[in-house]
Amino acid sequence: MSQNLEHRAVVIVGGGPAGLAAAIGAHEAGERDILVLERDTKLGGILNQCIHNGFGLHTFKEELTGPEYAARYIAQVDELGIERRLGTMVMDISEDRVVTAVSADAGITRIQADAVVLAMGCRERPRGALATPGYRPAGIYSAGTAQRLVNIEGELPGREVVILGSGDIGLIMARRMTFEGAHVACVAEIMPYSGGLKRNIVQCLDDFGIPLLLSHTVTRIEGKQRVEAVWIAEVDEHMKPVPGTEVRYPCDTLLLSVGLLPENELSRDAGVELSPVTRGPVVNESLETNIPGIFACGNVLHVHDLVDFVSQEAAAAGASAAHFAQKGEPQAAREVKVVATDGVRYTVPSTISPERMGEQLTVRFRVGNVYRDHYVSVYLDDERIQHRKKRVMAPGEMEQVILKREDLLSRPGISTVTVKLEEE
């Protein structure tokens, strides 16, 4: 096997929006030996089935559909001559960055990479994770599967629809199914708040008169061959159904939009440390994991709300991978822990080296509830250096703070950066 070992400077696993932006970021950082591995037969990832608009407002200052947004990045990759292998499934990544892949054309190949960028995206949480009573009839789909059926395959999954979960894909599919002539009875959400963007609630539900039932869940599915009805009940503060609140909704289709999970089997097998909150890798200011030379970005790192932020993050990861490939592992430097607390669920990155970071660093995070008129505060140890009021913050929308290198370097003894919410 060893004689068949290829060598590449930067190998990027995934050819979706994160992988494409990482490849361009690596090229702009001066690296030319770049290889993108994509298991699908075309680049673009999930964007190819996202035919609604709303992409690119930050990156291109205009509204694009998913395929249009992807096409712009694919055109850049083509123009730069970055190599890609399609229909190629990565089977394993070792701690010493040997990537094992398989394809119909080349069979099994092994590539020794100087640096690897993980950009595999995320997947939907399946029905099995819900433990909903009932048989296994036809007519139960994840929202993303339904989106592919409608937008790519030209098939309508059903005519009378109930949606469980108010993630962005579920909200968008409520509108899409309505456009195609189906009737969406309601969207039920077990939490007391929506998991999607506010604009999607307004544009996809409110504009079409589709009810959003917060603090509700599906308690029973009727039907053996095909879904015939679902029962929806209110839930209490412990997420338990409230007796006597069940309502029967006749339907032939149940769409599940109950969360996204970073696609991290490869990461775990490589020995990458994963966050118990995001289920994505724990990374430093360079988006490097605990395995030297393995970087992560996009939805495999943490689930984003906007693809524009995926592209920004991935470009930084690609540049970091290029620098690692060119210069090797940087000298050891002190690491400052980033602490998420008081309403902040997690931060990316989790550690920062002030000596290695750029002049500015974007720290992204999500909150754990809906907060109104709270302050986002940043502390260097016990000293507060940022205190910014936000009218509304919700779990469905990413937040961020900008850290300045000079602030951290001017305090050589600091051990923690804390990001928290405060009422005043």
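Q: Strands are DSSP runs of E with at least two residues, numbered from the N terminus; in which strand does L254 lie?
A: L254 lies in β15, a strand made of residues 253-256. The model is predicted.

Q: Why is L254 called buried?
A: Buried means under 20% relative accessible area. L254 has a relative accessible area of 2%, so it is buried.

Q: What does L254 touch, residues up to four places away in sequence not counted?
A: A contact requires heavy atoms within 4.5 Å. With residues up to four places away in sequence left out, L254 touches G139, I140, Y141, V162, L164, V218, I221 and V230. G139 is 115 residues from L254 along the chain, yet the two C-alpha atoms are separated by 6.2 Å.

Q: What makes the protein as compact as a globular protein of its length?
A: The secondary structure comes to eight helices and 25 strands. The radius of gyration is 23 Å and the globule rule gives 22 Å for 424 residues; the two values are close, so the protein is as compact as a globular protein of that length. Along the principal axes, the C-alpha atoms fill a box of roughly 65 × 60 × 40 Å.

Q: How much of the protein counts as buried, and how much area does it expose?
A: Of the 424 residues, 52% count as buried. The exposed area is about 19,000 Å², and carbon and sulfur atoms supply 48% of it.

Q: What share of the contacts with a separation of 6 or more joins residues 24 or more positions apart?
A: Such residues account for 63% of those contacts.

Q: Why is H52 called buried?
A: The relative accessible area of H52 is 15%; the limit for buried is under 20%, so H52 falls on the buried side. H52 lies in the loop between β2 (34-37) and α2 (66-80). Residues up to four places away in sequence aside, H52 touches L64, T65, G66, Q147, I172 and R175. From H52 to L64 the C-alpha distance is 8.1 Å, with their positions twelve residues apart in sequence.

Q: Why does V277 count as partly exposed?
A: Partly exposed covers the values between the buried limit, under 20%, and the exposed limit, over 50%. V277 has 35% relative accessibility, and therefore counts as partly exposed. Its place is the loop between α6 and β17. V277 touches R345 and Y346, not counting residues up to four places away in sequence. Q386 is 109 residues from V277 in sequence and 25 Å away, C-alpha to C-alpha.

Q: What makes the phi of L287 worth noting?
A: Most residues other than glycine have a negative phi, and most peptide bonds are trans. L287 is not a glycine, but its phi is positive, about 65°. L287 sits in the loop between α6 (265-269) and β17 (294-296). With a relative accessible area of 8%, L287 is under the 20% limit and so is buried.

Q: What is the sign of phi in D381, and is this residue buried or partly exposed?
A: D381 is a residue other than glycine with a positive phi, near 55°. Its relative accessible area is 27%, which is between 20% and 50%, so D381 is partly exposed. D381 belongs to the loop between β22 (371-380) and β23.

Q: Is the peptide bond from V348 to P349 cis or trans?
A: The bond is cis, with omega near 10°. P349 is in the loop between β19 (344-348) and β20 (351-352).

Q: What is the volume of the second largest pocket, and which residues are closest to its centre?
A: The volume is about 400 Å³. The pocket is lined by 17 residues, and K198, V370, V392, A394 and E397 are the closest to its centre.

Q: Which elements each supply at least two residues of this lining, and which gives the most?
A: α5 (198-205), β11 (212-214) and β23 (383-393) each supply at least two. β23 gives the most, with four residues.

Q: How do the residues of the lining of the second largest pocket divide by type?
A: The lining has nine nonpolar, two polar and six charged residues. K198 and E397 count as charged because Lys and Glu are in that class, while V370, V392 and A394 count as nonpolar because Val and Ala are in the other.

Key. Residues are numbered from 1 along each chain as its sequence is written. This is a predicted model: local features need pLDDT of at least 70, side-chain atom pairs count only at pLDDT 80 or more; totals for chains, interfaces and linings use all residues. Side-chain values use heavy atoms; hydrogens and water are left out. On a 1 Å grid over the protein atoms alone, a cavity is a set of points where a 1.4 Å probe fits but cannot get out, and a pocket is an open set with protein on both sides within 12 Å along at least five of seven lines; lining residues have an atom within 4 Å of a point. Grid points are joined across faces, edges and corners, and a volume is the space filled by probe spheres set on the points. The radius of gyration is taken over C-alpha atoms; the globule rule is 2.2 Å times the number of residues to the power 0.38. Buried means under 20% relative accessible area, exposed over 50%, partly exposed in between (1.4 Å probe, protein chains only). Accessible areas come from the Shrake-Rupley method with a 1.4 Å probe; for residues, only the protein chains shown count as cover.
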